[in-house]
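This report looks at where empty space is left in a protein model and at how nonpolar side chains gather inside the protein. Please keep the structure in view while reading.

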Amino acid sequence: FIMLFIITATTLVNAQHIYVESGKSSTLFDYRNSNGVASLSNLQATSRDFMEIGYSNKLIGDKSHISIGFNYAGYGAVNSDLSNYMAWDLNYAGATLGIDFTIISYRKLQLYYYAGVTSKRFVDGYQTVNNKVFNMEGNEDFDKTMTSARHGIGLSHPISENLSFYVQYMTGKSQDILDGDDILKIRNSNLSFGLFIDISRQEENKNEEKENNN
């Protein structure tokens, strides 16, 4: 937590870019018993919304960045067993630390790779079993901090001198969130769209205007 605070403070002070994005996340619960056998084979992935806002700074040259973002995301799953209906609808908020670097540049279009680690805290959520709905607040399996790794690729293209548009696809998997012998990991993949604002150029333009006025 100390290291995350230091990195966050440094990034905010020296931030050169601000980004904001939102999209859809497809979630699948990977539940296995103590022997490693999938016990809920009928679980199906569900789609949830997510959003993120953050800051980034150059890491090495102009083609790599380090970033920290703050996000809010939904996770869920549905059991397709006809005899019993079960569904989970969970919401988490947290922070992401990541790096990205450009793989290919073609004119103004850039293809980049991203990898990061996310730490999230349970906000609220419900489990539905047949016709009964249960509040998951205080549930020892879900009402906790969840850490996950994610990576993927994206495409960015400038709209103006200070603004770029990007689309990216990410996949990730959490650590085991159960305390007992059973294993539960949350896998997710998401497609998002976002805007990348270059605030360093805006500051340079302001400084140039001041010098011209003087």
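## The second largest pocket

In this predicted model, the second largest pocket holds about 190 Å³ of space. Twelve residues line this pocket, and those closest to its centre are Tyr31, Asp141, Phe142, Leu178 and Leu184. When the lining is sorted by class, nine residues are nonpolar, two are polar and one is charged.

## The largest pocket

The largest pocket has a volume of about 830 Å³. Its lining is made of 32 residues, and of these His17, His65, Gln110, Ser164 and Phe196 lie nearest the centre. By class, this lining has seven nonpolar residues, 13 polar residues and twelve charged residues.

## The enclosed cavity

Rolling a probe the size of a water molecule over the atoms shows where empty space is left. How many cavities of 30 Å³ or more does a search of the whole structure find? The search finds one, and the space in the largest cavity comes to about 150 Å³. There are 17 residues in the lining of this cavity, with Tyr75, Lys120, Arg150, Asn188 and Asn190 closest to its centre.

Several strands take part in enclosing this space: strand 2, strand 3, strand 5 (109-129), strand 7 (145-158) and strand 9 each give two or more residues to the lining. Strand 3 gives the most, with five residues. Sorted by class, the lining of the largest cavity has five nonpolar, nine polar and three charged residues.

## The nonpolar cores

The largest nonpolar core has 18 residues, and the members that touch the most others are Phe29, Trp88, Leu90, Tyr92 and Phe142. Two or more residues of this core come from each of strand 2 (43-58), strand 3 (64-79), strand 4 (86-106) and strand 9 (183-198). Which strand gives the most to this core? Strand 4 does, with four residues. Phe142, one of the core members named above, is also among the residues closest to the centre of the second largest pocket.

Trp88 offers a closer view of the packing, and residues up to four places away in sequence are not counted here. Trp88 touches Phe29, Leu43, Arg48, Tyr75, Gly76, Ala77, Tyr126, Gln127, Met136 and Phe142. Among these contacts is Tyr75, which is also one of the residues closest to the centre of the largest cavity. A second core, separate from the largest one, has five residues, including Tyr112, Tyr114, Tyr166 and Met170.

Notes:
Residues numbered from 1 in each chain as written. Predicted model: local features only at pLDDT ≥ 70, side-chain atom pairs only at ≥ 80, totals over all residues. Heavy atoms only, no water. 1 Å grid on protein atoms, 1.4 Å probe; cavity = no way out; pocket = protein on both sides within 12 Å on 5 of 7 lines; lining within 4 Å. Points joined across faces, edges and corners; volume = space filled by probe spheres on them. Nonpolar A, V, L, I, M, F, W, Y, C, P; charged D, E, K, R; others polar. Core = buried A, V, L, I, M, F, W, Y, C linked by side-chain atoms within 4.5 Å. Buried < 20%, exposed > 50% of the residue type's maximum accessible area, 1.4 Å probe, protein only. Contact = heavy atoms within 4.5 Å.
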